[in-house]
Amino acid sequence: MTKGLSSILLAEPDGFPDSARAILESLAPVHTPDTLEEPAAVRAVFVRLARRIDADFLARYPNLKWLVTPTTGQTHLDHTALEAAGV
């Protein structure tokens, strides 16, 4: 496990490649919104366009440090809230 990486959240797991998930699982436990029991353990989130990342989302994951989005647009990201949260 990578130092400081307690848990990874796949915010939109449908269609996420098994091969990519296996790589993430070699780094830290991987969860989906349905399997996550400890939101405070999440340090990284993978998200696409279906979920808005804003202050409400960030409040649920107080220890989030990294956000990965394989999208060309960023309209789903509240950059002000991300900066304020230190993500």
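Before you click on anything, one definition: a residue is called buried when its relative accessible area is under 20%, exposed when that area is over 50%, and partly exposed in between. Also keep in mind that you're looking at a predicted model.

**Stop 1: the whole protein**

Show the chain as a cartoon and follow the elements from the N terminus: they go β-α-β-β-α-β-α. That gives you 3 helices and 4 strands.

Now zoom out. The C-alpha atoms fill a box of roughly 30 × 25 × 20 Å along the principal axes. The radius of gyration is 12 Å, which agrees with the value near 12 Å that a compact globule of 87 residues would have. Turn on the surface, and you have about 5,300 Å² of accessible area, with 53% of it belonging to carbon and sulfur atoms. Of the 87 residues, 31% count as buried. Look at the contacts with a separation of 6 or more, too: 45% of them come from residues 24 or more positions apart.

**Stop 2: a buried residue in strand 1**

Select Ser7, which you'll find in strand 1 (residues 7-10). Is Ser7 buried or exposed? Its relative accessibility is 2%, so Ser7 counts as buried. To see what is around Ser7, leave out residues up to four places away in sequence and light up the rest of its contacts: Ala28, Pro29, His31, Leu36, Ala41, Val42, Arg43 and Ala44.

**Stop 3: the salt bridge**

Next, colour the charged side chains. There are 8 positive and 11 negative ones, and the centres of the two sets lie 5 Å apart. Side chains of opposite charge can pair when their charged atoms come close. How many salt bridges does the structure hold? Just 1.

To find that salt bridge, select Arg21 and Glu25, whose closest N and O atoms are 3.0 Å apart. Both residues belong to helix 1 (residues 18-25), and because they are 4 residues apart there, about one helical turn separates them. Check the surface while you're here: Arg21 is partly exposed at 24% relative accessible area, and Glu25, at 44%, counts as partly exposed as well.

**Stop 4: Pro39, in a loop**

Move along to the loop between strand 2 (30-31) and strand 3, and pick Pro39. With 32% relative accessibility, Pro39 lands in the partly exposed group. Which residues does Pro39 contact, once its neighbours within four places in sequence are set aside? They are Arg60, Tyr61 and Pro62. Now add Leu64 to your selection: Pro39 and Leu64 sit 25 residues apart in sequence, while their C-alpha atoms are 9.1 Å apart in space.

**Stop 5: Arg48, in another loop**

For the last stop, go to the loop between strand 3 (42-46) and helix 2 (55-60), where Arg48 is found. Arg48 is partly exposed, with a relative accessible area of 28%. Ignore its neighbours within four places in sequence, and Arg48 is in contact with Glu12, Pro13, Asp14, Gly15, Phe16, Thr69, Pro70, Thr71 and His76. Finally, draw a distance line from the C-alpha atom of Arg48 to that of Gly73: the two residues are 25 apart along the chain, and your line should read 9.6 Å.

Conventions. Residues are numbered from 1 along each chain as its sequence is written. This is a predicted model: local features need pLDDT of at least 70, side-chain atom pairs count only at pLDDT 80 or more; totals for chains, interfaces and linings use all residues. Side-chain values use heavy atoms; hydrogens and water are left out. A salt bridge is a side-chain nitrogen of Lys or Arg within 4 Å of a carboxyl oxygen of Asp or Glu. Helices (H or I, at least four residues) and strands (E, at least two) are DSSP runs, numbered from the N terminus. Buried means under 20% relative accessible area, exposed over 50%, partly exposed in between (1.4 Å probe, protein chains only). The radius of gyration is taken over C-alpha atoms; the globule rule is 2.2 Å times the number of residues to the power 0.38. Contact means heavy atoms within 4.5 Å. Accessible areas come from the Shrake-Rupley method with a 1.4 Å probe; for residues, only the protein chains shown count as cover. Lys and Arg count as positive and Asp and Glu as negative; His and the chain ends are not counted. The place of a charge is taken as NZ of Lys, CZ of Arg, CG of Asp or CD of Glu.
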